[in-house]
Amino acid sequence: MSRLIAAELLKLRTTRVVPGLLVASVALSVLMAALIVLLSSTSDIGGGTGGRLVLSSGGIVAGILALLLGIVTTAGEYRHGTILPTLLTNPDRLRVTVAQIVANTLAGAVLGLASVVGTAAVSFPLLASRDVAVALSAAQVTGIFVGGVCFAALSGTLGAAFGGLIRNQVVAVSAALLVLFVVEPLVTSLVDGYQRYSLTGLRVAISGGAAESAGAASGGLPPAWLAALLWTGYALALAVAAAAVGRRRDI
Amino acid sequence: MDAVIEVDSLTKRFGRTVAVDGLSFAVPRGSIVGFLGPNGSGKTTTLRTVLGLTVPTAGRAMVEGRPYAALPEPARVIGAVLDAAQFHPGRTGRDHLRVFAKAAGVSRSRVDVLLRLVGLDEAAGRRVRGYSLGMRQRLSLATALLGDPRILILDEPANGLDPQGIRWLRDFLRDRRDEGRTVLVSSHVLSEVAQVVDEVLVLHRGRLVAQGRVEELTAHPRQTLEDVFLDLTRETSR
Ligand SMILES: Nc1ncnc2c1ncn2[C@@H]1O[C@H](COP(=O)(O)OP(=O)(O)O)[C@@H](O)[C@H]1O
Ligand SMILES: [Mg+2]
């Protein structure tokens, strides 16, 4: 198994996709944090909600890109045909799926770590330059950063499982974006309490964002650990589905 | 006969298309077997089933007495060059081999040996995007050889190779056979493989229409293997 994971990690390291996404993730996180700090009123970003919005940008940007990375790499195996030598060397499809998920989870964590560091490096000096003191305790700030890294890692998990199930990059990326930006906001506005189970709600809960970002007015989010558990459950359900379907599917 | 590949009553349907139709054959150890038939006769489907990539509708295919998925170290038993894309265009040839060497538990030095063997040592640092069809074929072959397998399956390996490449491949296959290894090589062009095979299996519309040693099939002195092949695979109503 460790051999298989090492091979999947080497796959990720030997194309330009991961370095490209890493640079993009850090750049977007830094840009987002900087824009929020510079364009908001000092009273807005001085509050707890505003502070969360600024400091969670790294984890959230990295998470969305890690989701795309997971989808693009696992579905890309079918597009480019690299799934052929992969399964010829290791015919156990469940083990291959697991190795891909583990590798993408680690890649997501790396993306998350770099983006969180970038966000912190830009946010604090900019906040200080505007004489804003963040209304969050050190423990809360740490929670936001750790949650951001976890969220990016878990997004890699989910993306890899989803891409392995759908096997088509364009269809899988479109479906994921549709769910995140159309279906979920719609269902959240219609069904009371849905944000406690939606990817958007869990994302906000895990990455320590402001509850308002989940689309529902006040509170109503699970604690971060429960949200991470639920998210992992979704990813595992997709992975099991991918492996179960894969057993009877031609390559 | 010590059969290393056995296909038993194999049938594969894609919707209403019957790609392979109750096919049975065995490949003896230490021989080069030509798997012949016109385009669409079911060669690729059969080979993919042997390799566990395609799920049969009925029947089964075994490698050294087991289904492919049950082989403990498949890369050391059987290598395959398939008639399909199998590279990430943005990865270099060397990195491609390193990935699958790692997956197969093969040392890194084997990668450089194989790059030299297939003549890709100079191109190894370039991304596969820029490789010609022939270079991709050679990289496929190097990938198949990573585990130094006892059996080699080649699906239309001559595609994209120039005449020197084809000559090189023939000599290479003969050398492997002389070491006691087994080769199953498909082609829709008989002349590409006629000189090198010990035995042929002739497929037509998913069924075996002839099987035997080349000299047996060409019983009449004036008849060439090509006559036999064209005769057997002529379009006839079912
Ligand atoms: N994935 C597939 N879906 C539908 N039809 C297929 C598929 N693969 C092969 N076929 C059909 O099965 C038949 C045999 O194809 P193939 O095994 O590729 O033959 P060959 O390799 O001898 O040219 C052809 O009619 C082909 O169109
Ligand atoms: Mg074919």
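User: Why is Arg110(B) called partly exposed?

Analyst: The relative accessibility of Arg110(B) is 21%. Buried means under 20% relative accessible area, exposed over 50% and partly exposed in between, with a 1.4 Å probe and protein chains only. The 21% of Arg110(B) falls in between, so the residue counts as partly exposed. The model is predicted, so local features need pLDDT of at least 70 and side-chain atom pairs pLDDT 80 or more, whereas totals for chains, interfaces and linings use all residues. Residues are numbered from 1 along each chain as written, chains are lettered from A and ligands numbered from 1 in the order written, and side-chain values use heavy atoms, without hydrogens and water.

User: What makes the contact of Asp148(B) with Arg110(B) a salt bridge?

Analyst: The N to O distance of this pair is 3.9 Å. A salt bridge is a side-chain nitrogen of Lys or Arg within 4 Å of a carboxyl oxygen of Asp or Glu, so the pair meets the definition. Asp148(B) sits in the loop between H5 and E6 of chain B and Arg110(B) in helix H4 (residues 108-117), so parts that are 38 residues apart in sequence are tied together. Helices (H or I, at least four residues) and strands (E, at least two) are DSSP runs, numbered from the N terminus. Asp148(B) is partly exposed, at 36%. Elsewhere, salt bridges with shared partners connect Asp2(B), Arg29(B), Glu64(B) and Arg150(B) in one network.

User: How do you know that Glu64(B) and Arg150(B) form a salt bridge, and which parts of chain B does the pair tie together?

Analyst: The closest N and O atoms are 2.7 Å apart, which is within 4 Å. Glu64(B) belongs to the loop between strand E4 (58-63) and helix H2 (74-77), and Arg150(B) to the loop between helix H5 (133-144) and strand E6 (151-155), so parts 86 residues apart in sequence are tied together. Glu64(B) is partly exposed at 24%, and Arg150(B) is partly exposed at 36%.

User: What makes the salt bridge of Asp250(A) with Lys12(B) a link between two chains?

Analyst: In this salt bridge the closest N and O atoms are 2.9 Å apart. Asp250(A) lies in the segment after helix H11 (224-247) of chain A, and Lys12(B) in strand E1 (residues 3-14) of chain B, so the pair joins two chains. Asp250(A) is partly exposed at 25%, whereas Lys12(B), at 7%, counts as buried. Over all chains, the structure holds 18 salt bridges.

User: How many aromatic pairs are there, and why is that of Phe124(A) and Phe145(A) called edge-to-face?

Analyst: The whole structure contains 4 aromatic pairs over all chains. For Phe124(A) and Phe145(A), the centres are 6.3 Å apart and the planes meet at 80°. Rings of Phe, Tyr and Trp (its six-membered ring) pair if their centres lie within 6.5 Å; planes under 30 degrees apart count as stacked, over 60 as edge-to-face and the rest as tilted. The pair is therefore edge-to-face. Phe124(A) is in helix H7 (residues 93-129) and Phe145(A) in helix H8 (residues 138-166), so the pair ties together parts 21 residues apart in sequence. Phe124(A) is partly exposed at 36%, whereas Phe145(A) is buried at 16%.

User: Why is the pair of Phe25(B) and Phe35(B) called tilted?

Analyst: The centres are 5.4 Å apart and the planes are at 45°; this angle is neither under 30 nor over 60 degrees, so the pair is tilted. Phe25(B) lies in strand E2 (residues 17-28) and Phe35(B) in strand E3 (residues 32-36), 10 residues apart. Phe25(B) is buried at 5%, and Phe35(B) is buried at 0%.

User: What makes the approach of Thr45(B) to ligand 1 a polar contact?

Analyst: An N or O atom in the side chain of Thr45(B) is 2.5 Å from an oxygen atom of ligand 1. A polar contact is a pair of N or O atoms within 3.5 Å; within protein, one must be able to donate a hydrogen and the other to accept it, and residues adjacent in sequence count only if both atoms are side-chain atoms. The 2.5 Å pair is therefore a polar contact. A polar side-chain atom of Thr44(B) lies 2.7 Å from a ligand oxygen, and a polar backbone atom of Ser41(B) is 3.2 Å from one.
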